[in-house]
Amino acid sequence: MGIILYLLYFSEILLPSGVRIIKDESNLSTQISVGLEVNPLVSFRDKAEGLFIKRGYNYLYLRNADSLPILKQFVHLLSQDSLFDIMDSKNPDNLLRLTLLTFGGDISPVVNVTVGISAEVDENFITELFSLIPDSVISDVTNYYTLKPLQGKHIYYGDINFIANISPAPNDDEFLSFLVCLQIIQNRGFDIDFSPETAPSPFIINIFGENIESIFIKPEVEELKKGTGQLYRWIESELKESNKSKMIILSAMMGIKEDKFFNWMDNLEYLTLQQLWRVWKRYLIDGFISSGDLKSRDALIKLFPEAEVIK
């Protein structure tokens, strides 16, 4: 039947397959959320594409999980291990390949499944339903959580321009500054693939256009103010999320308690440029930088002559 853990307001059931069912005893509304973390080396099958809301590059929420037919369909698909196809692991712009991870053979692309339910939802029914998922569906590939940020600059000859590294853990003092750094990068027009639910994990910054040097300019005071304000509003929106079962999953996957978010909102007021620059260098500038064209490659080598060049 699994392991049952009782917390202050939550109970958790860990099924033999690795599925986690977390129940919020204080929330009396009927709510079910299902979070699914996948290997980033996956593509959707057509029949699964419409089932999910994507959060970051490797985390998904099941759409309309409160609907019993949709929930049963999801469990059926997962029990058949037919949600995903594994993409070519030799793809040169594959993030996990750059972070020294390989996934081979017939390994399942599903890393974890977490179900958040409220007090009115029948816990026994949900447990029996998700018990249909076999052990083989959730892979035991979680070692990228233990990888440390890459130190030193590594210029990689790839097909596209991007930066890759490992994020800090949410309990690290640097995590809040890291989120502000990512927000500033987004404000500069760069796309980021990152899931805060599963930090620490690999993240990727996609660089488009000719001016590759612009991404490496250190933030100024105005960028700090704008980025912290946007991050504050994101945290505030998460705390106000009407579907509290999603919030259970978010905090569980980040390995923090809900009050951590309130602490972040307070700490944002005291964030300094010095803290931001320190994290900027460690996580964004020290890492893998992929260059997809000669002009960008030359610009990077000129910017960072000390970098190791990987062909």
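Here are a few notes on the fold, its cores and two backbone oddities.

1. Keep in mind that this is a predicted model, where local features need pLDDT of at least 70, side-chain atom pairs count only at pLDDT 80 or more, and totals for chains, interfaces and linings use all residues. Residues are numbered from 1 along each chain as its sequence is written, and side-chain values use heavy atoms, with hydrogens and water left out.

2. Start with the largest nonpolar core (buried Ala, Val, Leu, Ile, Met, Phe, Trp, Tyr and Cys residues joined through side-chain atoms within 4.5 Å; buried is under 20% relative accessible area with a 1.4 Å probe, protein chains only). It has 50 residues, and Phe 178, Phe 194, Ile 205, Phe 261 and Leu 284 touch the most other members. Helix 5 gives the most, with nine residues. Helices here are DSSP runs of H or I, at least four residues, and strands are runs of E, at least two, numbered from the N terminus.

3. Have a look at Phe 261: beyond its neighbours within four places in sequence, its contacts (heavy atoms within 4.5 Å) include Trp 234, Met 247 and Ile 256.

4. Helix 9 (residues 273-285) buries Leu 273, Leu 276, Val 279, Trp 280, Tyr 283, Leu 284 and Ile 285. Among the elements covering them are helix 5 (175-187) and strand 14 (288-291).

5. Now the backbone. Most residues other than glycine have a negative phi, and most peptide bonds are trans. Asn 64 has a positive phi of about 50° and is exposed (over 50%) at 56% relative accessibility. Ala 199 and Pro 200 are joined by a cis peptide bond, omega about 0°; Pro 200 sits in the loop between strands 12 and 13.
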